[in-house]
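Reader: I'm new to reading protein models and would like a close look at one part of this one. Could you take me through it slowly?

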Amino acid sequence: MSDEIVQQLAAECLAGRVRTLNRVVSGIFDAKLRPYGIRSSQINILTVVAARGPLAPSMVCRRLRLEKSTLSRDLERLVEHGWIRSTPGSGRSLSLEATAVGRALLHKVKPAWDEAQAEIEKLLGGAFIQELHRVIDEGRLEETETR
């Protein structure tokens, strides 16, 4: 590869930029949520289960675009803390449901979540945040296949 190609890939790769942005955003949320003993990845799972549950783990994976192994690691901690209940469903499936303790945690962390949201909006700008919501809410990301 020529140096020009390497420089272009380093400077323009959207995958790398989005991954870096993800780490920055997650870091801000994790810092705000740390006093509550929960990470941003876990709060996302708890929120989806609380809002749409009871759900099968596969539905949580589909909604959050997670690999099963990623969900499994975070789910173990959520169940251990009593924030999510995992009960056997039909066959080998499980059913995930937010507990009263998990729902209470969501209410408790809301001020810290608000602070993280505001910090990220200040960092990225309102127009970027609005466009991100528009793309996701219109289902454009759901139209793409993960491979």
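Reader: How many salt bridges does a search of the whole structure find? Please take me through them, and show me the surroundings too.

Author: Happy to! Keep in mind that this is a predicted model. A search of the whole structure turns up 6 salt bridges. Here's the general idea: side chains of opposite charge can pair when their charged atoms come close.

Let's get our bearings before zooming in. The protein chain has 7 helices and 2 strands. Reading from the N terminus, the order is α-α-α-α-α-β-β-α-α. Along its principal axes, the C-alpha trace spans about 55 × 35 × 25 Å. Of the 147 residues in the chain, 25% are buried. Now look at contacts with a separation of 6 or more: 54% of them involve residues 24 or more positions apart. As for the outside, the chain exposes about 10,400 Å², and carbon and sulfur atoms supply 54% of that.

Now for the salt bridges. Start with aspartate 74 and arginine 39, whose closest N and O atoms are 2.9 Å apart. Aspartate 74 sits in helix α5 while arginine 39 sits in the loop between α2 and α3, so this pair ties together parts that are 35 residues apart in sequence. The two partners also have their own accessibility values. Aspartate 74 has 7% relative accessibility, so it counts as buried; the cut-off for that is under 20%. Arginine 39, at 40%, counts as partly exposed.

Next, go to helix α6. There the side chains of aspartate 114 and lysine 110 meet in a salt bridge, at 2.6 Å from N to O. These two are 4 residues apart in α6, which means about one helical turn separates them. Aspartate 114 is partly exposed at 33% relative accessibility, and lysine 110 is partly exposed at 40%.

Helix α7 has a salt bridge as well: arginine 134 pairs with glutamate 131, with 2.5 Å from N to O. Here the partners are 3 residues apart in the helix, so they too are separated by about one helical turn. Both ends count as partly exposed, with arginine 134 at 31% relative accessibility and glutamate 131 at 37%. Then there's a small network to find: Lys32, Glu115 and Glu119 are joined by salt bridges that share partners.

While you're at α7, which covers residues 126–137, find isoleucine 136 in it. Together with Phe128 and Leu132, Ile136 makes a nonpolar surface patch of about 260 Å². Isoleucine 136 has 42% relative accessibility, so it counts as partly exposed.

Let's go back to arginine 39 and the helices on either side of its loop, α2 and α3. In α2, the buried residues are Val25, Ser26, Ile28, Phe29, Asp30 and Leu33. Their cover includes α3 and α6. You can check the length of α2 yourself: at 1.5 Å a residue, its 20 residues should span 28 Å, and the end C-alpha atoms are indeed 28 Å apart.

Helix α3 passes the same kind of check. It takes in residues 40–52, and those 13 residues should span 18 Å at 1.5 Å a residue; its end C-alpha atoms are 18 Å apart, so the numbers agree. Its buried residues are Ser40, Gln42, Ile43, Ile45, Leu46, Val48, Val49 and Ala50. What do they pack against? The answer is α2, α4, α5, β1, β2 and α6. Notice that α5, the helix holding aspartate 74, is among those neighbours.

Keep following the chain past α3 and you'll meet a couple of backbone details. Glycine 53 and proline 54 are joined by a cis peptide bond, with omega about -5°. Proline 54 belongs to the loop between α3 and α4. Further along, in the loop between α4 and α5, comes arginine 65. Its phi is near 60°, a positive value in a residue other than glycine. Arginine 65 has 39% relative accessibility, so it counts as partly exposed.

If you want one pair to return to, try aspartate 74 and arginine 39: a buried residue joined by a salt bridge to a partly exposed one.

Definitions and conventions:
Residues numbered from 1 in each chain as written. Predicted model: local features only at pLDDT ≥ 70, side-chain atom pairs only at ≥ 80, totals over all residues. Heavy atoms only, no water. Expected span 1.5 Å × (residues − 1). Buried < 20%, exposed > 50% of the residue type's maximum accessible area, 1.4 Å probe, protein only. Contact = heavy atoms within 4.5 Å. Patch = residues over 30% accessible without salt bridge, like charges linked within 9 Å, V, L, I, M, F, W, Y side chains within 5 Å. Areas by Shrake-Rupley, 256 points an atom, 1.4 Å probe, with all protein chains shown as cover. Salt bridge = Lys/Arg side-chain N within 4 Å of Asp/Glu carboxyl O.
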